[in-house]
Amino acid sequence: MQLSVQKALQRQGERLEFRVELGLEPFEFCGDQIAPCGPVLVEGHMMGVEDRIELDGVIHARLKSSCVRCLSEAVLELRVPFTEKYLREPDEEEPDAFLYEASAVDLDQMVLGNLVMNLPVQILCKEDCKGLCPKCGKNLNEGPCDCDSEPLHSAFAVLKDLKLEEDEP
Ligand SMILES: [Zn+2]
Ligand SMILES: [Zn+2]
């Protein structure tokens, strides 16, 4: 999506508000399929400094993917603050800056980059997701399965042994 920066170029040094809704395509990140639940909201300020454009603001996105533990749908609410520069020509001193032509800057790549940098290492449906039983494949968030009594029992046994040792004089 292109954001017109004509006003910012004309009114040098003035912080001008902007607010746009961006339709982002689903994307893949580290093997995870990620799809926006709706338009991504980008709001903030733009400022023209000579022929450079400085943008700062916040990206609000709701993304959907699948939980790495139980494979059910996981929804991520992201609120990502950003500060970016757009230049007419590449500048060695500004390796992270984006380039733009004419009087509009492209937001897609900038927004995608900021979202990706703020994705959690592991996408989970909820923080304490219990995952699937490795034996029968049941989603353990929906309740225990029949094959989980054994490891649970041995875990308690280990705890009991530790307790006993501590209590010994
Ligand atoms: Zn899960
Ligand atoms: Zn099971």
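The legends below accompany close-up views of a predicted model.

**Figure 1. Overall composition of the chain.**
Three helices and nine strands make up the secondary structure of the chain. Along the sequence, these elements follow the order β-α-β-β-β-β-β-β-β-β-α-α. Of the 169 residues in the chain, 15% are buried. Among contacts with a separation of 6 or more, 57% are between residues 24 or more positions apart.

**Figure 2. The hairpin of β3 and β4, with Cys30.**
Strands β3 (27-29) and β4 (32-36) flank the loop that contains Cys30. The two strands run antiparallel and are joined by three bridges. Phe27 stands opposite Ile34 of β4. Two residues lie between the strands of this hairpin, in which Cys30 has a positive phi near 50°. Most residues other than glycine have a negative phi; Cys30 is not a glycine, yet its phi is positive. Cys30 counts as exposed because it has 10 C-beta neighbours inside 10 Å, and a residue with 12 or fewer is placed in that class.

**Figure 3. Pairing of β4 with β6.**
In addition to the hairpin view above, β4 is shown here with β6. These strands pair in the antiparallel sense, over two bridges. Within this pairing, Ala35 has Lys64 of β6 as its bridge partner.

**Figure 4. The hairpin of β5 and β6.**
Nine bridges connect β5 with β6, and the two strands run antiparallel. His45 stands opposite Asp56 of β6. The hairpin has two residues between its strands, and Glu50 takes a positive phi near 55° in it.

**Figure 5. The hairpin of β6 and β7.**
Strands β6 and β7 run antiparallel and are joined by 14 bridges. Asp56, which stands across from His45 in the preceding view, is placed opposite Thr83 of β7 here. This hairpin has six residues between its strands, and Leu71 has a positive phi near 70° in it.

**Figure 6. Surroundings of Ala74 in β7.**
Ala74 belongs to strand β7, which spans residues 73-87. Ala74 counts as buried because 22 C-beta neighbours lie inside 10 Å, where 20 or more are required. Leaving out residues up to four places away in sequence, Ala74 touches Ser65, Ser66, Cys67, Ile123, Leu124 and Cys125. Of these, Cys125 is 51 residues from Ala74 in sequence, while the C-alpha atoms of the pair are 4.1 Å apart.

**Figure 7. The largest nonpolar core and the contacts of Val5.**
The largest nonpolar core contains 18 residues, and those with the most contacts inside it are Val5, Val40, Ile53, Ile59, Val105 and Val111. Two or more residues are contributed by each of β5 (40-49), β6 (52-66) and α2 (108-117). Strand β6 gives the largest share, five residues. With neighbours within four places in sequence set aside, Val5 is in contact with Met46, Gly48, Ile53, Ser103, Ala104 and Val105. Ile53 and Val105 are thus named both among the contacts of Val5 and among the residues with the most contacts inside the core.

**Figure 8. The loop between β8 and β9, with Ala102.**
Ala102 is located in the loop between β8 (98-99) and β9 (104-106). Its phi is near 55°, a positive value in a residue other than glycine. Ala102 counts as exposed because it has 11 C-beta neighbours inside 10 Å.

Key. Residues are numbered from 1 along each chain as its sequence is written. Chains are lettered from A and ligands numbered from 1 in the order in which they are written. This is a predicted model: local features need pLDDT of at least 70, side-chain atom pairs count only at pLDDT 80 or more; totals for chains, interfaces and linings use all residues. Helices (H or I, at least four residues) and strands (E, at least two) are DSSP runs, numbered from the N terminus. A nonpolar core is a set of buried Ala, Val, Leu, Ile, Met, Phe, Trp, Tyr and Cys residues joined through C-beta atoms within 7 Å. Two residues are in contact if their C-beta atoms, placed from the backbone, lie within 7 Å. Two strands pair if DSSP finds at least two bridges between them.
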